[in-house]
Amino acid sequence: MSGNSFAYSEQAGGGEATELGQEATSTVSPSGAFGLFSSDLKKNEDLKQMLESNKDSAKLDAMKRIVGMIAKGKNASELFPAVVKNVASKNIEIKKLVYVYLVRYAEEQQDLALLSISTFQRALKDPNQLIRASALRVLSSIRVPIIVPIMMLAIKEASADLSPYVRKNAAHAIQKLYSLDPEQKEMLIEVIEKLLKDKSTLVAGSVVMAFEEVCPDRIDLIHKNYRKLCNLLVDVEEWGQVVIIHMLTRYARTQFVSPWKEDDGLEDNEKNFYESDDEQKEKTDQKKKPYAMDPDHRLLIRNTKPLLQSRNAAVVMAVAQLYWHISPKSEVGIISKSLVRLLRSNREVQYIVLQNIATMSIQRKGMFEPYLKSFYVRSTDPTMIKILKLEILTNLANEANISTLLREFQTYVKSQDKQFAAATIQTIGRCATNISEVTDTCLSGLVCLLSNRDEIVVAESVVVIKKLLQMQPAQHGEIIKHMAKLLDSITVPVARASILWLIGENCERVPKIAPDVLRKMAKSFTNEDDLVKLQILNLGAKLYLTNSKQTKLLTQYILNLGKYDQNYDIRDRTRFIRQLIVPNEKSGALSKYAKKIFLAQKPAPLLESPFKDRDHFQLGTLSHTLNTKAIGYLELSNWPEVAPDPSVRNVEVIELAKEWTPAGKAKKENPAKKFYSDSEEEEDSSDSSSDSESESGSASGEQDEEGDSSEDSSEDSSSEHRSDSESVSEVGDKRTAKRNSKSKGKSDSEDEEKENEKSKTSDSSSTDSSSVEESSSDSESESESESESESKKVTMEKEKKTKEDRNLTKDVSLLDLDDFNPVSTPVVLPTPALSPSLIADLEGLNLSTSSSVISVNTPVFVPVKTHVLLHRMSGRGLAAHYFFPRQPCIFGDKMVSIQITLNNTTDRKIENIHIEGKKLPMGMQMHVFNPIESLEPEGSITVSMGIDFCDSTQTASFQLCTKDDCFNVNIQPPVGELLLPVAMSEKDFKKEQGMLTGMNETSTVIIAAPQNFTPSVILQKVVNIANVGVVPSGQDNIYRFAAKTVHSGSLMLVTVELKEGSTAQLIINTERTVIGSVLLRELKPVLSQG
Amino acid sequence: MIHSLFLINSSGDIFLEKHWKSVVSRSVCDYFFEAQERATEAENVPPVIPTPHHYLLSVYRHKIFFVAVIQTEVPPLFVIEFLHRVVDTFQDYFGVCSEPVIKDNVVVVYEVLEEMLDNGFPLATESNILKELIKPPTILRTVVNRSTNVGDQLPTGQLSVVPWRRTGVKYTNNEAYFDVIEEIDAIIDKSGSTITAEIQGVIDACVKLTGMPDLTLSFMNPRLLDDVSFHPCVRFKRWESERILSFIPPDGNFRLLSYHVSAQNLVAIPVYVKHNISFRDSSSLGRFEITVGPKQTMGKTIEGVIVTSQMPKGVLNMSLTPSQGTHTFDPVTKMLSWDVGKINPQKLPSLKGTMSLQAGASKPDENPTINLHFKIQQLAISGLKVNRLDMYGEKYKPFKGIKYMTKAGKFQVRT
């Protein structure tokens, strides 16, 4: 036996046997004589032997197997002595695996772990920075309290290391040491303070992380580094960015005054303010506000903006929450686009982002309204995502979009995902209460759902209707009766209870039905759910009080049943009700008020968003997601009433110079300059300048502000600053030039260290002049290289041309980008082979002028008016109606889409409905619907088809056939349906109109009562008649509409100009004069009548 | 930040654990299993689960749950984004990310995870740097099994100003390829009109260039790009001012840019679906007919068309005949899938037949939604065109190529 198993384990040799052995050794004493165990012990011995062998390969094999055990969660602590010996191995991989092992088990085997320490101490002095860093990393990961002093020493040394990578690791080590021994806090804060001054982007993220972990309340440490952190932010690695942004959000909330104060007065028109142009808003603000934003506050907001473009969702979310919490309300809008972009990402990211959007959308509807459609639900979304999207859609619903949303909800209600369907019904209920215009529509829609097949849907509808009716104590007797009937069929307890409650509340409105319901319920009382029983008791009590003649006996019967119920709640309730309503000698004073108690006016429930109360948590945090305070959550403080002294953020150059080497001074200059130049660049690039002044004005304003703040500080620094700001533009230009060239030259792409060294060597003289020299030489080299490349291009020109021709004739898909001509020389090209750059130019032109003209818009309004295609009398029971959905046709670009609804009003099936015998005028085309096999009696079906009317109002005649009959029918389109709406600007409109004068213009004068000339009436009338798009108009008395014809795509411009008195001029400009005049004729009577 | 990581397979086994701080007992996952049970479907498991002492944040990919254990407040997206990065790294290393592959390469996985986080804070997440630190497994080394995974030289990229690129790259053939891939997300309603349509595009690059090249890429119509997000290598200021992408590329494959073409522009919908799906109350047979046809394709062929649809529970089986391609219906999951292939405009592909329904059951109240997949080669549906690509900083002449492709993203047709 023993021999056998031994042989087996020898053979197997794989990891499995090892595992077995491990388990065995940890549970069974090694003295167990059982063969299998002893052999496996042998196996562990085997691993030990391998570790002690001389061959690296054997050691490596052993280590790999051990790591495999750790990964599976098997205990391998027993091997500690054997493993730790290899910590000094020359083989890097063995070393790494030993590190992995050490970090895992050092805590359990503290004494043995000490054996390895000396190796790390030696490595900490290694000339290679990476070895120093990794030694520090492992040393600090060994959680052994005895070595705390050693770690402290190592961290202090590493924080002064020349390599930023080692300093980064030192920052990480701070957190580890702090969690091991919180007593070291004070010492560690000193190190953090030192590292916060570090200028390397590598260090910034890590040290702020350490700051957040160790001393998040020491906000004073940040002051001096605030501007530097803001400026470095873009270049910090992505994970560091997240941490820094969160920290700076908290910082800003304690150090700056609220930028929202200005909005207080404007609260009322907040809504307008979102719709209105930002720029305009900005102007009015400036006039009113006595508030001036701290330039440092502005700096943070401006420098985080580019990060909205990050590929990392966490960074985007961090910036979004920063804008939400600290930027002026008028600027928050820019984050919505980026957040909506994140919705394309994975399920988990969507989940978090949607939660945050839900919270935001409660407070600021305007932000996400333009993206409404991005929140439409797809059937493949997981349920939790669907429900969050629904939540947001509800928050965004308003009078304008509710009809679209309700249509969308109709689809959702039918979803196969019943949980989601139920949530949709609740949503409809909420919409109904929030928007009074649609309450009745929603209510009737919900009543329709009561006849749904699915019980969950019905139950949910009942509950929601109950809430709605409670809010509207109007005459809804019909609905209540309908629901009373449902009691026979519905089985979901909540729904039954709701119906009973509703009947009880309204028992005086349905005096005949209520007692009957009670009778039925009395019969089934014993079989009902507890919830329902309670409501039966309530109903009985209420009826007893209002209609005791009919229901006295019934109620007493029910009370008797309740008295012996198994559930004590029900027995309690029974006793309570009996005492209250049934008069007897024992009953107290209360019974006099029984009616008041039971039939009191109950306040309607508020249908609220579950995200309503989440806004007190900082967005993007774990606490916000969970809606409870997570461990370690830091509250976002309220804005201070008065801003703390802003001068604390000024960096005194001199003091720093003392602390650092002379090179430090030269280096110090850079961030300051960067600040100015950055702001300058920013100002230049952002065309809609936020300061609404001329560019130079804003720049000078910036300087003034800067000057003010720096005056507070020492005089030296202020003069320093001034001299800088005077040469702002110059420095800015140089900087960009420098950067360009830096990225080009191979020699220039070095790490920061070398750059530092460079600046060290060029001490002497003033820093400014040195930087000038440097940058000028750089720009020279740049121009050189440019000219070089240009000459190269010229020499190869001929060769290129031939190639290019071939390229152009070839497919565009695989452009060889290699050989394009420079943009400046398109003139020399032969005309047939247009250079791509020229094409680009042309396209650019195109885009700026007329691109907007051709973009087809969604219809402004879709009239529901249907036209009769075939009357049921003439169609022998088959009726057909058609209507124009005003959507681009799916069958062809030039077709008008038409929806036909077929009804079978006979009592037998109509089979094989199809279209035959098309008689179309020249050029017209028609795309028919698929034959319908059969139409049930009372059934109806909607099909869509497309007809190309060739932009004329000629009739399309065809035959609608069934199996037995053929009916001649025809469709004559109203001229307004031959159009598709077009979105264009007023400028484009005027330009196009200018080109369509003379013969192409028809006009007429309309006379009507002034009340017909309100904007909404005109808009309504025009879009009702014709499928046109509204062009935003700058003048109050002119309304413009634009469309294009479906077939030819020619423009159709409609202008209504109000004159004095009650006249108006109606002008139509179009190439298709015939349609134009027909449209004019149709519009005129509509606009003039009341 | 991140305390521990557990990898859990679909049958609920923890097959890998890694701790960056003190060990957290794997019993913490019991809370996760509870939530999993409640959620019934894997994708409904909430990504954030609170437990008395820890918080579990998880992502679900490739049928594996990656569960991170957190002890204190942290932005949840931080952890989720990181976990996704871990999965991407595994995929990058091993080609696929599945349980057997992770088990086979457990040592490499462990080494990589060790490098990615230090004390729970991300350290090296750039795949370029990781690959220098820990070499991905190759066939040769798997066979020999003696050689080392660990790179013999220490990476320097991490220390430079361009941490995404390693130094000393050498190629004999210098080439740079860019793929412009656009996906159309759309919901089409019953009558064929578009409810919502958006274009999401990415530019994926494969750059194999020697040295430290500095590239600029310009577009003919950059104004089309409504909302963009960049690889960290792209110089943002340059884009702001000139609408030019200027960057020092990472070595190998990477995603340069992803963009969004706004919903305001009208999106061309390249296909239409004609459908006639009807259930009847009384009979146990339903009719099913769909036809797919090209619409606005700019003269290109639509290929790789796959139609899938989740049929209602009441459908027992389907007997269908496609005019082309093959179709399958899984009677258990009720998933219909029809692999159409290319669409020939002269002869539109259609799928016709009947559905047998559960006898006696009432007819489903919603018709199934049709999901569409397709590909159109050599076309970027938004009209985006790359203008030119220039290289500075190196002397040689690289080979450059651009490919365009349009795909269906989440393309749904309601019926």
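## Working through a two-chain model

In chain B, confidence bottoms out in helix α6 (residues 139-144), with a mean of 53, and peaks in strand β5 (residues 64-70), at 93. Keep in mind that this is a predicted model.

**Exercise 1. Work out how far chain B can be trusted, and where to be careful.**

Step 1: Start with the whole chain. Chain B averages a pLDDT of 85, and 92% of the residues score at least 70.

Step 2: Now go local. Helix α6 of chain B has the lowest confidence, at a mean of 53. Where pLDDT is low, the predicted coordinates shouldn't be read in detail.

Step 3: Look at the scores for the model. These are ipTM 0.90 and pTM 0.66.

**Exercise 2. Describe the interface between chain A and chain B.**

Step 1: Count who takes part. Chain A brings 140 residues to the contact and chain B brings 136 residues.

Step 2: Get the area. An interface's size is often given as the accessible area lost when the parts come together. Here, about 12,300 Å² is buried between chain A and chain B, and carbon and sulfur atoms give 54% of that. On the chain A side, W239(A), R344(A) and R378(A) lose the most area to chain B, but together they make up just 7% of what that side buries.

Step 3: Look for polar links. Across the interface there are 39 residue pairs in polar contact, both at pLDDT 80 or more, and 11 salt bridges. One of the salt bridges has K96(A) and E115(B) meeting through their side chains, at 3.2 Å from N to O.

Step 4: Sort the residues. The side of chain A that touches chain B splits into 49 nonpolar, 45 polar and 46 charged.

**Exercise 3. Decide whether D296(A) is buried or exposed, then find its partners.**

Step 1: Place the residue. D296(A) sits in helix α18 (residues 295-304) of chain A.

Step 2: Check its accessibility. The cut-off for buried is under 20%. D296(A) has 2% relative accessibility, so it counts as buried.

Step 3: List the contacts. Skipping neighbours within four places in sequence, D296(A) touches Y226(A), R227(A), F256(A) and R649(A). With R649(A), the side chains make a polar contact of 2.7 Å.

**Exercise 4. Do the same for Q129(A): is this residue buried or exposed?**

Step 1: Find its place. Q129(A) belongs to helix α8 (residues 129-141) of chain A.

Step 2: Apply the cut-off again. Q129(A) counts as buried because its relative accessibility is 17%, and the limit is under 20%.

Step 3: Name a partner. The side chains of Q129(A) and S163(A) are joined by a polar contact of 2.5 Å.

Terms used: Residues are numbered from 1 along each chain as its sequence is written. Chains are lettered from A and ligands numbered from 1 in the order in which they are written. Side-chain values use heavy atoms; hydrogens and water are left out. Contact means heavy atoms within 4.5 Å. Buried area is the accessible area (1.4 Å probe) that two parts lose on being put together, summed over both. A salt bridge is a side-chain nitrogen of Lys or Arg within 4 Å of a carboxyl oxygen of Asp or Glu. A polar contact is a pair of N or O atoms within 3.5 Å; within protein, one must be able to donate a hydrogen and the other to accept it, and residues adjacent in sequence count only if both atoms are side-chain atoms. Ala, Val, Leu, Ile, Met, Phe, Trp, Tyr, Cys and Pro count as nonpolar, Asp, Glu, Lys and Arg as charged, and the others, Gly among them, as polar. Helices (H or I, at least four residues) and strands (E, at least two) are DSSP runs, numbered from the N terminus. Buried means under 20% relative accessible area, exposed over 50%, partly exposed in between (1.4 Å probe, protein chains only). pLDDT is the predictor's confidence in each residue, from 0 to 100.
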